[in-house]
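Dear colleague,

I am passing on the structure we spoke about, placed just below so that you can keep it open while you read. My notes follow it, arranged by region.

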Amino acid sequence: MAMVEKTQELQASGLMVKRNASGGIFVRAESFVEWSDKKQKNYTAGVNIPANTAKVLFNDDNLLGLIRDAINDLDD
């Protein structure tokens, strides 16, 4: 799939994945909604991740599962 087609597919799904200015990976999804006390409104957040870290993280289902469990445990 060509990069232009892949970019259009991601945008249609409400997801943005691109290189940031420092060469890392920037991820934003419409579901990343956060409240700003300063601006008194919701905004769509994004996450900057170093490129190699992103490759390891998003290609390791076991690691993602461990992180998901740890995050869910923080709410308990």
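In which helix is Leu74 found? Leu74 is found in helix α3, which covers residues 61-74. Please bear in mind throughout that this is a predicted model, and that each value given here was computed from it.

Since Leu74 has come up, let me stay with it for a moment. Leu74 has a relative accessibility of 69%, and because exposed means over 50%, it counts as exposed. Together with Ile67 and Ile71, Leu74 forms a nonpolar patch on the surface, and the accessible area of these residues taken together is about 300 Å².

As for the overall layout, the protein chain contains 3 helices and 3 strands, and their order along the sequence follows the pattern α-β-β-β-α-α. Of the 76 residues in the protein chain, 20% are buried. The chain exposes about 6,300 Å², and carbon and sulfur atoms supply 54% of that area. If one takes the contacts in the chain with a separation of 6 or more, 15% of them are accounted for by residues 24 or more positions apart.

Helix α2 comes next. Which residues of α2, a helix that runs over residues 51-58, are buried? They are Ala51, Ala54 and Leu57. Seen down the axis of α2, these buried residues fall within an arc of 130°, and they therefore line one face of the helix. The general background is that an α-helix has 3.6 residues a turn, so residues three or four places apart point the same way. The buried residues of α2 pack against the strands β1 (15-19), β2 and β3 (41-49), and also against helix α3. On the face of α2 that is turned away from the buried side, one finds the exposed residues Asn52 and Lys55.

I then looked at the loop between β1 and β2, which is where Asn20 is found. The side chain of Asn20 reaches the backbone nitrogen of Gly24 at 2.7 Å, and a polar contact of 2.9 Å joins the side chain of Asn20 to that of Asn48. Asn48 has its place in strand β3. Leaving aside neighbours within four places in sequence, Asn20 is in contact with Ile25, Phe26 and Asn48, while Asn48, with residues up to four places away again not counted, touches Asn20, Ile25 and Phe26. Asn48 and Gly24 are 24 residues apart in sequence, yet the distance between them in space is 6.7 Å, C-alpha to C-alpha.

Strand β2, covering residues 25-36, holds two serines that I would like to describe, Ser36 and Ser31. Is Ser36 buried or exposed? Ser36 has a relative accessible area of 14%, and since buried means under 20%, this residue is buried. The side chain of Ser36 reaches the backbone nitrogen of Lys39 at 3.0 Å, and, once its neighbours within four places in sequence are left aside, Ser36 is in contact with Lys41 and Tyr43. Ser31, by contrast, counts as exposed, with a relative accessibility of 63%. The C-alpha atoms of Ser31 and Gly14 are separated by 8.0 Å, although these residues are 17 positions apart along the chain.

Finally, I would draw your attention to Gln40, which is found in the loop between β2 and β3. Gln40 has a positive phi of about 55°, although it is not a glycine. As general background, most residues other than glycine have a negative phi. Gln40 is also exposed, its relative accessible area being 51%.

With kind regards

Technical notes
Residues are numbered from 1 along each chain as its sequence is written. This is a predicted model: local features need pLDDT of at least 70, side-chain atom pairs count only at pLDDT 80 or more; totals for chains, interfaces and linings use all residues. Side-chain values use heavy atoms; hydrogens and water are left out. Patches are made of residues with over 30% relative accessible area and no salt bridge: like charges are joined within 9 Å, nonpolar side chains (Val, Leu, Ile, Met, Phe, Trp, Tyr) within 5 Å. Accessible areas come from the Shrake-Rupley method with a 1.4 Å probe; for residues, only the protein chains shown count as cover. A salt bridge is a side-chain nitrogen of Lys or Arg within 4 Å of a carboxyl oxygen of Asp or Glu. Helices (H or I, at least four residues) and strands (E, at least two) are DSSP runs, numbered from the N terminus. Buried means under 20% relative accessible area, exposed over 50%, partly exposed in between (1.4 Å probe, protein chains only). A polar contact is a pair of N or O atoms within 3.5 Å; within protein, one must be able to donate a hydrogen and the other to accept it, and residues adjacent in sequence count only if both atoms are side-chain atoms. Contact means heavy atoms within 4.5 Å. The arc is that of the directions from the helix axis to the C-beta atoms.
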